[in-house]
Amino acid sequence: MAEGSITTIIRKIVFKAEPYLPQVPKPKKKIPLPTRLLWCGIALLIYMIMGQTPLFGATAPQFDFLAFARVIFASNQGTLVELGIGPIVTAGLLMQLLRGSDILKFDFKKPEERGIFQTATKLVTYVVIVAESIVYATAVYGPGVTEPYFLYVMIGQLMAASVIIMFLDELIQKGWGLGSGISLFIMAGVAQQILWSMFSPLPAGDGGPIGIIPYIGQSFIDGDLSNIFFRSNQLPSIFGLCLTAGILLILVFTQGMKVEIPIVSTKYRGFSAVYPIKLLYTSNIPVILASALTANAVFLFQMLWANFNPRNNNFFINFIAQFDPTSPSTPIGGLIYYVTPPRGLAVAALDPMRAVGYMLFMVGIVVVFGRLWVELGGLSPKSAAQNLLDADVQIPGFRRSNAPVEALLNKYIPSVTIIGSAILGLLAGVSDVLGVFGSGIGILLMVDILVNYYTQLVREQVEVVMPRLGALLGRK
């Protein structure tokens, strides 16, 4: 089927379905920033309450199929946010990849075309919500359900909760809030994990509290400081706290590294600025894609192992994945063993080759996804050159045409893509192996989201003077 016909079919489906789709209306005028931040707080509060509300009728599953994706999906096992933002992220990435590869052709310069694409993405999200709710409820909670009625209730809860999360995200993106609900929920989840690791007063397995701050206080009172730097069972320690602070500083420093290309406006005489090409040019999208791929692979092979190799006696499946029968979420062999992190210094010391293998795997796969995303995500030198021209700016000393500007950008973008992706992969791998608070990938996501929020605030100020240039400078 021709590419154009696929886009035409999607347009027809959107036109027929749009009148029946519930929508969050856009505000009639731009809302003041304090009010938008208030709406962000309300949406986050609802999400956090859902994250503490258990699923009705749910029994504790044998193991967590989404353990490796909880940070990315901002989800919490056994609660209404069991699937988290997973359906939204999956549908959004699928549509972006289809558009970036020109399978779907939409001109985002036209508001109506952008609206059709957003509605199509929403329809795909509904489909993903239904599919993931049915599959997940059946595979994870189905074996423990004695009455089919409870399984239907479980599926209904997952669907309803995912739709509410979708509307919360839409509420923020439509202009009632700031940024996106997806970013807000991920950032809050990671921050919650970090604060829990630092201040939780609940008892841990070593007799002290989980949080490192209360643990230090108790150690001073007991007069025994021998275990505050390193703790058993991967519990928060001073080493983990210092490592987390160090990774945060490195990320903040690398976020500020960029190549600045001078630009001048062709519409506003005398206005000049710079077009920044960040060292972390692709942002954290390659890390998210790599993590999602790994999580899906682990999920798939956990299901395969549980059904066909629970005793680790199948040679062919053992080559791919082996899991501990007493703790089925823990890989003990096969390829899966080397692409999942040995979390904590003590665990990594037991098998250094696994730790090194995981870090090399993260660097390699993030670089691959980084190069892929530049081409499919509209970040290539050709796309960036067109964006500059569309924003009514030009580079001094270069003709206002695609070829010379693209040639200039081609000197920087491929290099920063590889170097930046390698740095992100290495930081994610090292952080996961050494056991930072909130996980390595979580820290990367949180810092990137905070930087993006800061960029959005700056862009809002620029847009007051030059709307099109503000939107351009707000790009990653």
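Colleague: Let's start on the outside: how much area does the protein expose, and what share of it do carbon and sulfur atoms supply?

Modeller: Accessible area here comes from the Shrake-Rupley method with a 1.4 Å probe, and for residues only the protein chains shown count as cover. In this case the protein exposes about 23,300 Å², with carbon and sulfur atoms supplying 67% of that area. Before we go on, this is a predicted model, where local features need pLDDT of at least 70 and side-chain atom pairs count only at pLDDT 80 or more, while totals for chains, interfaces and linings use all residues. Residues are numbered from 1 along each chain as its sequence is written, and side-chain values use heavy atoms, leaving out hydrogens and water.

Colleague: Fine. How many helices and strands are there?

Modeller: Helices (H or I, at least four residues) and strands (E, at least two) are DSSP runs, numbered from the N terminus. The protein has 19 helices and five strands. Its radius of gyration is 24 Å, close to the 23 Å that the globule rule gives for 476 residues, so the protein is as compact as a globular protein of that length. That radius is taken over C-alpha atoms, and the rule is 2.2 Å times the number of residues to the power 0.38. Along its principal axes, the C-alpha trace spans about 70 × 55 × 50 Å.

Colleague: And how is the protein divided into domains?

Modeller: Domain bounds come from an automatic or database domain assignment. Here domain 1 takes in 6-21 + 36-179, and domain 2 covers 238-473. The centres of the two, taken over C-alpha atoms, lie 23 Å apart.

Colleague: What percentage of the residues is buried?

Modeller: Read "buried" as under 20% relative accessible area, "exposed" as over 50% and "partly exposed" as in between (1.4 Å probe, protein chains only). On that scale, 45% of the 476 residues in the protein are buried.

Colleague: How about contacts: what percentage joins residues 24 or more positions apart?

Modeller: A contact means heavy atoms within 4.5 Å. Of the contacts with a separation of 6 or more, 65% involve residues 24 or more positions apart.

Colleague: Show me a single residue. Where does threonine 244 lie, and is it buried or exposed?

Modeller: Threonine 244 sits in helix H9, residues 238-255. Its relative accessible area is 5%, which makes threonine 244 buried. Setting aside neighbours within four places in sequence, threonine 244 touches Val436, Phe437 and Ile443.

Colleague: Ile443 makes me curious about glycine 429. How far is glycine 429 from isoleucine 443?

Modeller: They are 14 residues apart along the chain, with 12 Å between their C-alpha atoms. Glycine 429 belongs to helix H17, residues 413-434, and is buried with a relative accessible area of 0%. Beyond its neighbours within four places in sequence, glycine 429 is in contact with Tyr358, Met359 and Met362.

Colleague: Now backbone angles. What is phi of alanine 74?

Modeller: Phi of alanine 74 is near 50°, a positive value in a residue other than glycine. Alanine 74 is in the loop between helix H3 (70-73) and helix H4 (86-100), and at 12% relative accessibility it counts as buried. Asparagine 312 is another case, with a positive phi near 55°. You'll find asparagine 312 in the loop between helix H10 (285-308) and helix H11 (315-320), where its relative accessible area of 17% makes it buried.

Colleague: Is tyrosine 454 buried or exposed?

Modeller: Tyrosine 454 is exposed, at 58% relative accessible area, and it lies in helix H18, residues 440-465. Lysine 30 is also exposed, at 58%; that residue is in the loop between helix H1 (3-17) and helix H2 (33-50).

Colleague: How far apart are lysine 30 and asparagine 452?

Modeller: C-alpha to C-alpha, 20 Å separate them in space, with their positions 422 residues apart in sequence. For lysine 174 and leucine 202, 28 residues apart in sequence, the C-alpha atoms are 40 Å apart.

Colleague: And which residues is lysine 174 in contact with?

Modeller: Leaving aside neighbours within four places in sequence, the partners of lysine 174 are Gln23, Val24, Lys26 and Pro27. Lysine 174 is part of helix H6, residues 148-176, and is partly exposed with a relative accessible area of 22%.
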